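This report considers the covalent links between cysteines and the nonpolar interior of one protein chain. Please keep the sequence and the structure in view while reading.

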Amino acid sequence: MKLLIALATVLSISATSAEWTCDDCTAVVNSIAAYLTSEESIAKQVDILLAEVCPQVENPDACLAGLPDFWNSIAMIMWPGYYAAEADWMCAPLCMAKAVREITCDECFEGLQLGADQLLSEEAITAIIENLSGDALCGVAEDPETCAAVIADLIPLALPALTANPDPEVGAMICNNAIPGTCPTI
């Protein structure tokens, strides 16, 4: 996964602002990972997936029954794995240079959106499917082949559904958790 999305992330973060610092990036990425793995966020993710994804699959009833627990397992692996500040596709390139400055709320939101856009790239989706289908999740599942088949169907439907309607309040919370005072309270 690292190799496939490294360049896209470096470009997306640097395109947001040439002045993002290692501390800015690390704080925002860690805040995103913490939020996406919180009980509140996973419950929202599951609600979206039950409404948007399950009706599209071959067996909607099985999806409705099995998705909540399965998504919890996926989320606890996928989100911290993707939003890893030290990773080459996140903050590592910025952390080689040490500069200090404050980012604006708009810059933070741009960074959040670029991260989501990168997450939806074919390369990222393929890398996530390969990672989850291997030892990270399915390799230790009771039925690895079925798990891998479900992952291959679920991830391309789930990620667009989860990123379709960003919540400005959550974005402000993530930015403010990362760098207090970055965004006005909504």
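## Disulfides in the predicted model

Six disulfides are present in the structure, which is a predicted model. A disulfide is a covalent bond between the sulfur atoms of two cysteines. When the bonded cysteines of the protein chain are numbered in sequence order, they pair as 1-6, 2-5, 3-4, 7-12, 8-11 and 9-10. Three of the bonds, namely Cys105 to Cys183, Cys108 to Cys175 and Cys138 to Cys147, are described below.

## Two bonds from helix α6

Which cysteine is joined to Cys105? The partner is Cys183, with an S to S distance of 2.1 Å. Cys105 belongs to helix α6 (residues 105–119), while Cys183 is in the segment after α9 (168–178), so this pair ties together parts that are 78 residues apart in sequence. The torsion about the S-S bond of Cys105 and Cys183 is about 100 degrees, and the disulfide is therefore right-handed. Both Cys105 and Cys183 are buried.

A disulfide also joins Cys108 to Cys175, with an S to S distance of 2.0 Å. This pair links distant parts of the chain, for Cys108 is in helix α6 and Cys175 in helix α9, 67 residues apart. Is the disulfide of Cys108 and Cys175 left-handed or right-handed? The torsion about its S-S bond is about -100 degrees, so it is left-handed. Cys108 has 0% relative accessibility and therefore counts as buried. Cys175 is likewise buried, because its relative accessible area is 0%.

## The bond between Cys138 and Cys147

In the disulfide formed by Cys138 and Cys147, the sulfur atoms are 2.0 Å apart. The torsion about the S-S bond of Cys138 and Cys147 is about -70 degrees, so this disulfide is left-handed. Cys138 and Cys147 are both buried.

## The nonpolar core

In soluble globular proteins, nonpolar side chains tend to be buried together. In this model, the largest nonpolar core has 56 residues. Which residues have the most contacts inside this core? They are Trp71, Trp79 and Ile155. At least two residues of the core come from each of the helices α2 (22–36), α3 (39–52), α4 (60–82), α6, α7 (122–133), α8 (144–163) and α9.

The surroundings of Trp79 may be examined further. Apart from its neighbours within four places in sequence, Trp79 is in contact with Leu36, Thr37, Gln45, Trp71, Ile74, Leu119, Leu159 and Leu162. Trp71, one of these partners, is also among the residues with the most contacts inside the core.

Methods
Residues numbered from 1 in each chain as written. Predicted model: local features only at pLDDT ≥ 70, side-chain atom pairs only at ≥ 80, totals over all residues. Heavy atoms only, no water. Disulfide = S-S within 2.5 Å. Helix = DSSP H or I, 4+ residues; strand = E, 2+ residues; numbered from the N terminus. Buried < 20%, exposed > 50% of the residue type's maximum accessible area, 1.4 Å probe, protein only. Core = buried A, V, L, I, M, F, W, Y, C linked by side-chain atoms within 4.5 Å. Contact = heavy atoms within 4.5 Å.
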